[in-house]
Amino acid sequence: MASVSRRDAVMKEIRRAIVVGTLKPGDKLTEVKLSSMLNVSRPTIREALTQLAQEGLLVQEPYRGLRVATLRPSEIMDIAKARTALDMLAAATILEDTTGRRLAIVEAAWDEYRRIASYPDPAVLHEAHIAFHRSFWVASENVLLLRFWPVTEAHLTIALAQDQAARADPARALEVHEQLVRSMRSGDMEAIEAAFAAHTLDSAEQLIKLLEQQEETA
């Protein structure tokens, strides 16, 4: 149990480093360096890195070791399209609940996200952001969505890290998330689809343009 706890602690530290920008997409990770930095045994570091690689947060390159995953423009859009479809499935299932219990789960996550929207620690804000999106899938109570979540979260974390590095617009982020909640309250599936498109697809297109511009000027 202690070994598992140490592994999870290492995974948390690596995720945090990616979120705050200490580790950037494409950066290489080594067991020796992490073991010394975190004062944890190499077998524990290896377990943590293996788990993060399985989730997609890290990628294994033959003869080059592990590095933080980087999403190419086509991958960013692929993920955005898949997420939108799955989010719409979750939204439809949430609205099937006439008691409002499922929607209340989303509302609670939104309240927490909005409460700390201006929090100075990007890792804390990231966790609230992730928790907000997770709440849709949790509230849907769809078993397959819940099994997909760890991989989805890993890709979302990488996309957010690249987005944060390319731009920082907390006001816009809060606005598009608030629109998601308003559309869910309306129960109008067309409005919900438009809100998810603005949040996920439009954001992906904007990020791709920014990344392409950065490559041109590099």
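Here a biologist and a modeller talk through some features of this predicted model.

Biologist: Before we start, what pLDDT do local features need here?

Modeller: Residues are numbered from 1 along each chain as its sequence is written, and side-chain values use heavy atoms, with hydrogens and water left out. As this is a predicted model, side-chain atom pairs count only at pLDDT 80 or more, totals for chains, interfaces and linings use all residues, and local features need pLDDT of at least 70.

Biologist: Happy with that! Which residues of helix H2 are buried, and what arc do they cover?

Modeller: Helices are DSSP runs of H or I with at least four residues, strands are runs of E with at least two, and both are numbered from the N terminus. Buried means under 20% relative accessible area, exposed over 50%, and partly exposed in between (1.4 Å probe, protein chains only). In H2, residues 31-38, the buried ones are Glu31, Leu34 and Ser35. They lie on the same side of H2 because their arc around the axis, taken from the directions from the helix axis to the C-beta atoms, is only 100 degrees.

Biologist: Which exposed residues does the face turned away from that buried side carry?

Modeller: We stay with H2 and look at its face turned away from the buried side. The exposed residues there are Val32, Lys33, Ser36 and Met37.

Biologist: Now the strands: which residue in E3 is the bridge partner of Gln60?

Modeller: Two strands pair if DSSP finds at least two bridges between them. E2 (residues 58-61) and E3 are antiparallel, with four bridges, and they form a hairpin with three residues between them. E3 (residues 65-68) also runs antiparallel to E1 (residues 28-29), joined by two bridges, with Leu29 opposite Leu66. In E3, the partner of Gln60 is Leu66.

Biologist: Lovely. Is the pair of Trp110 and Tyr113 stacked or edge-to-face?

Modeller: Rings of Phe, Tyr and Trp (its six-membered ring) pair if their centres lie within 6.5 Å; planes under 30 degrees apart count as stacked, over 60 as edge-to-face and the rest as tilted. The structure holds six aromatic pairs. For Trp110 and Tyr113, the ring centres are 6.1 Å apart and the planes are at 70 degrees, so the pair is edge-to-face.

Biologist: Where in helix H5 do these two sit relative to each other, and what is the relative accessible area of Tyr113?

Modeller: Trp110 and Tyr113 are three residues apart in H5 (residues 101-115), so about one helical turn separates them. Trp110 is buried at 1% relative accessible area. Tyr113 is buried too, and its value is 4%.
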